[in-house]
Amino acid sequence: MSALVKKNSLGMAHVILGLSIAVLVIVVAVPVLLIFLNAFWAEGKFNITDVIAVLREPETYQALLNSLIIASGTTLGSTAVGTFFAWLVTRTDLPFKKFMRGMFLVPFMLPSFIGALAWKMLLSPRAGYINRFFMDAFGLDGPIFNIYSYLGIVAVEVMYLFPFVFIQVCGALERMDPTLEESARISGAGLFTITRKITIPLVLPSILSGALLIMLYSMAHFGTVAVLGIENGIYNIPTLIYERIHQSAGSFASIRTGTVLASVLVVSAAFIIWLQGKVLGRGRYQIIAGKSFRPVELKLRALRWPLLGFCLLYIGFTIVLPTAVIFLVGGLKTYGLPFAPENLSLVNYRFILFEYQVTKDAILNSVTLGLAAAFITMFAGVMISYVIVKMRVRGKGILEFLGMLPFSVPGSVIALGVILAWSGKYGVNLYNTVWIILVAYIARYMAFSLKANSAALEQVHDSLMEAARACGASMWQTLRDIVLPLVRPGMLAAFFLIFLPSLRELTVSIMLYAPTTRTIGVAIYTLNEDGETVVSAALAGIALLLIITGQTIINRVSAKYQG
Amino acid sequence: MRIRFAALILATVFFSGLACDAAAEQSLIVYTSMKESLIGRLRDGFAKKHSDIKMDYQSAGAGKLMAKIAAEGESGKILADVLWTSEVPDFYDMKQKGKLEKYVSPVTGDSAFLNPFADYDGHFAAARLGTLGIAYNTRFIKTAPKAWQDLFGAAYKNAFGIANPALSGTAYMSVALLGKQFGWEFFEKLAANKARIGKGSGQVIDDTAAGELVASLAVDYIANDKISKGATMALAYPPEMLIAPSPVAIIKGTPNLDAAQKFVDYLLSREAQTIIAEEGTLPVRNDVAIPQKFGLPKPDEALKRSIKINYLEMMAQKEATVKKFVDILQKK
């Protein structure tokens with residue numbers, strides 16, 4: 001990089017632009033393009049009949065339908081739950097509001113497929129601990145709830161995804177100018193009218209944007225459906241892609257089906273993103289200003305304590321109970337034994353940490369992959385965001401378009417795309433190595449980095465850089481001494497936004513793993529599939545500890561930065 | 001400047017960390033469908049004997065391993081040096097396509113060595129005689145099943161499981177064997193009793209131990225491993241025995257031929273076969289003692305009691321058999 005210092009700034013600008021475009025093209029655009037090519041292009045010509053034929057197969061059609069059903073259910077459920085709790089902690093006099101607000105963010109830390117594993121242990125029809133308790137205690141014939149169902153899958157996804165809506169709505173409700181509501185009240189409107197005519201229209205964009213995020217996530221989500229659905233023949237798009245490619249020896253037909261399904265995912269995701277832009281872009285919602293008035297709190301009166309109880313119960317039921325089950329089952333000698341002291345030990349934990357090569361590899365792989373992906377993506381993200389936000393170069397439009405891509409490409413699509421791009425057909429063969437997972441992670445998490453870094457860059461006023469340039473600093477010096485120090489918090493945020501999720505990544509790595517390149521997520525999933533329930537639970541427990549530790553460190557660090 | 005420098009150092013560290021997999025000594029990768037409890041002990045035993053060979057393995061379902069090998073073949077480099085699964089048809093198929101290296105291990109000449117393959121020619125040898133029995137949860141089933149037909153009884157209603165034959169080699173073998181002996185009628189009666197298809201061969205056993213199923217068609221050593229850890233389970237063998245030989249073969253063109261041959265020799269040796277017997281599955285040698293608690297007959301006796309099948313025919317019918325089985329059990 002230092003060789004570039006001596007060049008004039010126009011040259012440098014173009015180098016940076018070219019580099020940025022190259023990164024996005026290679027990492028994101030080519031894989032996606034290859035998927036479309038493979039789906040719509042057969043034997044050298046455009047071929048739509050095959051695509052329709054694939055989509056009309058009962059199994060693929062059913063998987064598409066399932067993805068839609070599960071995603072819609074999850075979106076509706078999470079929106080209701082998220083909005084309700086957001087309202088509760090911002091606009092009412094609920095006791096311990098601050099604490100509860102923190103608690104509602106905890107589900108974010110729990111990977112949903114680990115949640116799914118826990119709920120399988122609690123609510124599988126005959127052996128689930130809760131079902132068994134009720135069947136034994138009340139002599140019931142059947143289970144009270146069967147988790148291997150659409151309702152079960154949706155419920156589990158709602159539990160771990162609702163914070164998307166919760167965060168958005170909390171923010172909107174807090175930033176909303178309360179004078180609007182007050183003037184309505186002064187003019188004689190009742191609470192119901194105010195809520196209907198003022199509050200809801202004002203926070204609706206935030207609700208919708210959170211809801212669409214969840215829709216996007218759930219449609220392309222692998223883990224929960226893989227753990228809870230396959231048992232009863234419920235497949236969604238990612239699980240069907242996985243199943244097809246793994247079972248038919250990577251044959252052309254299966255890759256074809258995969259690419260067609262992946263194309264459907266990309267198109268729907270793009271539609272959702274477009275819709276989100278549309279919803280958020282409407283000018284009249286700008287009325288939510290940055291001023292922090294204290295909104296009027298609704299007096300819950302007699303409901304205050306019962307509602308707090310309800311919130312605590314909800315947290316206990318969705319967070320504490322599943323986590324406890326994971327750790328307890330991880331301590332059992334073998335699955336199915338009662339939780340008695342003589343059956344519990346730390347043997348499984350010792351086994352996976354010190355003896356079992358597969359899990360030792362997995363932990364090491366996930367940590368190194370996470371760090372490497374976070375580093376590379378953080379720096380690439382700064383560079384690309386800088387061009388998009390700050391530079392005025394011709395050809396920036398292409399980059400802006402490319403920069404949107406990572407946001408709309410779901411994980412399983414990226415996995416399939418990198419298989420097509422990097423398995424030797426085009427000269428480079430990374431298949432079966434750790435590098436292919438790294439490339440996929442970079443593509444998958446580029447969106448996070450772009451978001452965090454452009455937000456940070458937008459706050460750096462142009463005048464600072466102009467001042468530096470006016471004093472005779474070169475462009476490089478300006479970047480180094482002014483811009484980078486100012487965006488460091490954004491970079492740091494990007495780093496952790498990538499590192500933590502990649503520790504528990506499953507959707508991408510399950511499609512790409514090889515003998516020595518299992519990640520933590522893959523190891524947990526395959527151990528569970530192999531019937532090593534207790535070992536897989538123990539590893540899930542270790543993963544949770546890693547994630548919680550990581551999150552605590554982040555909170556410390558970011559608190560230091562802000563304070 | 002400082003940030004850039006630190007990043008450079010860190011990046012270098014990570015990259016070298018990622019790249020340092022390649023070791024100097026001989027290496028060997030075994031793809032196997034055997035679970036950790038079995039292959040782990042064998043790896044340790046092999047490492048003790050040949051400390052100059054770094055052996056690594058991938059343990060996964062036979063179907064997944066074949067998919068991996070096919071994908072690797074497509075990209076030009078097969079990572080596996082040795083394949084050891086329980087899906088016999090795969091081995092015939094690979095032999096036909098010239099993907100297996102011929103190697104007649106000197107151990108196969110021992111008088112105690114048993115060979116279940118009449119057409120043995122060195123492309124693959126059985127390294128274990130896997131048996132499948134009925135694993136039942138003793139909390140729910142008090143009297144051990146004596147015949148396969150017991151599974152039609154009310155005690156097993158809605159709660160007997162067979163692993164998905166599309167995912168598990170042993171499950172396919174057992175479906176083919178039971179089908180040959182008793183006809184499709186056997187599965188129709190199972191379906192009438194609402195038998196279920198599980199995922200992998202390990203998962204149906206764990207589900208049995210947990211009580212999600214009361215019984216399942218179970219691979220011997222996986223069930224015995226859980227029983228030894230205290231699962232309330234037992235394993236019963238009806239008179240018609242299901243034996244699934246697990247062949248071991250060397251992949252053609254392996255750069256680690258010497259190490260691969262040493263591994264095959266070791267696997268068929270008395271030493272390794274003793275480990276196999278101790279894990280509760282049948283060895284391929286008659287000179288190995290099988291612990292009493294497993295209730296297993298001697299290997300030659302078991303072979304006599306077993307249902308015989310023509311593996312080549314079985315291979316040709318795999319897709320149709322799996323489909324028909326799934327259709328019957330899911331009542332399509």
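Select B:G280 first. This residue sits just after α10(B) and takes a positive phi of about 90 degrees. The model is predicted, so treat that angle as a computed value.

**Helix α10 of chain B**

Step back to residues 270-278 of chain B, which form helix α10. Show side chains for B:A272, B:Q273, B:I276 and B:A277, the buried residues of this helix. Then turn the view to look down the axis of α10(B): the buried residues fall within an arc of 145 degrees, so they line one face of the helix. To see what covers them, add α2 (36-49), β5 (124-137) and α9 (257-268) of chain B, which are among the covering elements.

**Strand β5 of chain B**

Keep β5(B) and hide the helices. How many of the residues of β5(B) are buried? The count is 14 of 14, so the strand is mostly covered by the burial criterion of 20 or more other C-beta atoms within 10 Å.

Now bring in the partner strands one by one.

- Strand β10 (residues 242-251) of chain B pairs with β5(B) in the antiparallel sense over seven bridges. To find the register, select B:L132, whose bridge partner in β10(B) is B:L242.
- Strand β8 (residues 215-219) of chain B is also antiparallel to β5(B), with five bridges. Here B:A135 has B:S216 as its bridge partner.
- Strand β9 (residues 233-236) of chain B pairs with β5(B) over four bridges, again in the antiparallel sense. B:A135 stands opposite B:L235 in β9(B).

B:A135 is therefore a useful residue to centre on, with a bridge partner in β8(B) and B:L235 opposite in β9(B).

**The two domains of chain B**

Colour chain B by its domain assignment: domain 1 is 24-129 + 245-296, and domain 2 is 131-243 + 309-329. The centres of these domains, taken over C-alpha atoms, are separated by 25 Å. Across the boundary, 23 residues of domain 1 of chain B are in contact with 22 residues of domain 2 of chain B. On the domain 1 side, select α2, α3 (62-74) and α4 (88-96) of chain B, the elements that give two or more residues to it. The largest share, four residues, comes from α4(B). By type, that side of domain 1 of chain B holds 10 nonpolar, nine polar and four charged residues.

**Confidence in chain B**

Switch the colouring to pLDDT. Chain B averages 86, and 92% of its residues score at least 70. Which elements of chain B have the lowest and the highest mean pLDDT? Helix α1 (residues 2-19) has the lowest, 52, and strand β3 (residues 82-84) the highest, 96. Next select residues 16-24 of chain B, where pLDDT stays under 50. For this stretch the model has six contacts beyond four places in sequence.

**Where the chains meet**

Show both chains. The predictor gives the complex an ipTM of 0.79 and a pTM of 0.85. The contact takes 37 residues from chain A and 44 residues from chain B. On the chain A side, pick out α12 (237-247), α16 (357-390), α21 (475-503) and α23, each an element that gives two or more residues. Of these, α16(A) gives the most, with five residues. The chain A side divides into 15 nonpolar, 16 polar and six charged residues.

**The two domains of chain A**

Hide chain B and colour chain A by domain: 1-45 + 347-563 is domain 1, and 60-330 is domain 2. Their centres, over C-alpha atoms, lie 25 Å apart. The contact takes 34 residues from domain 1 of chain A and 31 residues from domain 2 of chain A. Several helices supply at least two residues each to the domain 1 side, including α1 (9-40), α17 (396-408) and α24 (533-562) of chain A. Select α24(A), which gives the most to that side, with 11 residues. The domain 1 side is made up of 23 nonpolar residues, 10 polar and one charged.

**Last stop: A:D93**

Go to the loop between α3 (58-91) and α4 (97-103) of chain A, where A:D93 lies. Is A:D93 buried or exposed? A:D93 is exposed, because 11 other C-beta atoms lie within 10 Å and exposure calls for 12 or fewer. Leaving aside residues up to four places away in sequence, A:D93 touches A:E297, A:K299, A:L300 and A:R304. For a distance check, select A:M404, which is 311 residues from A:D93 along the chain; their C-alpha atoms are separated by 41 Å.

Conventions
Residues numbered from 1 in each chain as written. Chains lettered and ligands numbered in written order. Predicted model: local features only at pLDDT ≥ 70, side-chain atom pairs only at ≥ 80, totals over all residues. Arc of directions from axis to C-beta. Contact = placed C-beta atoms within 7 Å. Domains from an automatic or database assignment. Nonpolar A, V, L, I, M, F, W, Y, C, P; charged D, E, K, R; others polar. pLDDT = per-residue confidence, 0-100. Pairing = 2+ DSSP bridges.
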